[in-house]
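Let's take a walk through this structure together. Please have the sequence and the coordinates open as you read.

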Amino acid sequence: MLNVLALVSGGGTNLQAILDAVAQGRIKNVRIAGVISNNPKAYALERAKAAGVPGECISPKNFATRDEFNEKFLEAVLSYKPDLIVLAGFLVVIPPAMISKYRNRIINIHPSLIPSFCGTGYYGLKVHEAALERGVKVVGATVHFVDEGTDTGPIILQKAVEVQLGDTPEILQKRVMEQAEWKILPQAIDLIAQGRVQVINGKTVIDESAGKTDDE
């Protein structure tokens with residue numbers, strides 16, 4: 001059983017997709033151990049509560065220094081004994097000590113086809129605004145491991161979504177969530193839980209046979 005800790009900042013739609021996938025058996029061999037938010041008003045915490053999952057808020061605003069926050073944040077993370085940490089819309093920089101301790105055990109969902117529209121400053125609606133301004137015809141989402149860079153870790157899964165005439169950033173954001181994010185994030189967690197994902201020479205390799213039964 002894989003112990004999963006989710007980190008969230010806002011509404012928690014990706015968290016809900018994970019919770020639903022676990023409940024429906026689309027993610028196997030996984031237990032959602034807890035949810036941590038940096039935002040006390042994050043609706044994601046209500047979603048966790050409704051699902052019977054422990055949740056708490058640890059905000060940088062409640063600490064005198066960033067180092068103090070990082071220390072307490074890491075302590076909280078360790079208390080859940082996670083095998084995998086999922087950034088499901090988490091807008092706080094992950095402390096280097098945490099990245100080092102959980103190397104290739106932290107994943108993030110980003111609303112673009114990395115390496116397009118990613119890196120510092122590209123988050124939320126800003127990603128979709130930039131895509132529409134550039135006039136691209138295809139956007140999408142990416143699940144990747146987290147390293148010391150911003151959106152630079154090994155890519156696990158990507159899914160493309162077509163841009164349509166008349167799209168606004170808000171409309172495009174919703175379509176990318178529905179058609180890509182809410183599908184590939186649970187899928188990536190399931191692949192990891194089944195032992196099908198490896199990182200070799202800085203790139204992911206997905207084993208299509210590992211963890212399968214003869215009937216699959």
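The paragraphs below look at aromatic rings, helix packing and a few backbone details.

Please keep in mind from the start that this is a predicted model. With that said, the aromatic side chains make a pleasant place to begin. A pair of aromatic rings is described by the distance of the centres and the angle of the planes. Four aromatic pairs are counted here, taking rings whose centres lie within 6.5 Å. One of them joins Phe-73 and Phe-90, whose ring centres are 5.8 Å apart and whose planes differ by 15 degrees. The pair counts as stacked because planes under 30 degrees apart fall in that class. It also brings together distant parts of the chain, since Phe-73 belongs to helix α3 (residues 66–79), while Phe-90 sits in the loop between β4 (84–87) and α4 (96–101), 17 residues apart.

Are these two rings buried or exposed? Phe-73 has 0% relative accessibility and so counts as buried. Phe-90 is buried too, with a relative accessible area of 8%. If you widen the view, ring pairs tie Phe-73 and Phe-90 into a cluster with Phe-63 and Phe-69. Elsewhere, a ring has a charge for company: the charged end of Lys-101 sits over the ring of Tyr-102, 6.0 Å from its centre.

Now let's turn to the helices. Two packed helices are described by the angle between their axes and the distance between the axes. Look at helix α1 (residues 13–23) and helix α2 (residues 43–50), whose axes come within 9 Å and cross at roughly 15 degrees. This angle makes α1 roughly parallel to α2, because angles under 35 degrees are classed that way. Their crossing is right-handed. To see which side chains to display, pick Thr-13, Leu-15, Gln-16 and Leu-19 in α1, which meet Ala-44, Arg-47 and Ala-48 in α2.

How do helix α5 (residues 125–134) and helix α6 (residues 169–193) pack? Their axes lie 9 Å apart, at an angle of about 110 degrees. The two helices are therefore roughly perpendicular to each other, as the range for that class is 65 to 115 degrees. The crossing of α5 and α6 is right-handed. On the α5 side the contact is made by Leu-125, His-128, Glu-129 and Leu-132, and on the α6 side by Pro-169, Glu-170, Leu-172, Gln-173 and Val-176.

The loops deserve a visit as well. In the one between β5 (106–110) and α5 you will find Pro-115, and the peptide bond leading to this proline from Ile-114 is cis, with omega near 20 degrees.

Which residues other than glycine have a positive phi? Asn-104 is one of them, with phi near 60 degrees. Asn-104 is placed in the loop between α4 and β5, and its 31% relative accessibility makes it partly exposed. Asn-201 is another, with phi near 55 degrees. You can find Asn-201 in the loop between β8 (197–200) and β9 (203–206), where it counts as exposed at 77% relative accessibility.

A last stop is Gln-24, in the loop between α1 and β2 (30–37). Gln-24 has a relative accessible area of 55% and is therefore exposed. Its C-alpha atom is 17 Å from that of Val-4, a residue 20 positions away along the chain.

Note on methods:
Residues are numbered from 1 along each chain as its sequence is written. This is a predicted model: local features need pLDDT of at least 70, side-chain atom pairs count only at pLDDT 80 or more; totals for chains, interfaces and linings use all residues. Side-chain values use heavy atoms; hydrogens and water are left out. Rings of Phe, Tyr and Trp (its six-membered ring) pair if their centres lie within 6.5 Å; planes under 30 degrees apart count as stacked, over 60 as edge-to-face and the rest as tilted. Helices (H or I, at least four residues) and strands (E, at least two) are DSSP runs, numbered from the N terminus. Buried means under 20% relative accessible area, exposed over 50%, partly exposed in between (1.4 Å probe, protein chains only). A charge sits over a ring if NZ of Lys or CZ of Arg is within 6 Å of the ring centre and within 35 degrees of the ring normal. Axes are lines fitted to C-alpha atoms, for helices over the stretch in contact, and angles run from 0 to 180 degrees between N-to-C directions. Angles under 35 degrees count as roughly parallel, over 145 as roughly antiparallel, 65 to 115 as roughly perpendicular and the rest as oblique. A crossing is left-handed if the near helix is turned anticlockwise from the far one by less than a right angle, and right-handed if clockwise. Contact means heavy atoms within 4.5 Å.
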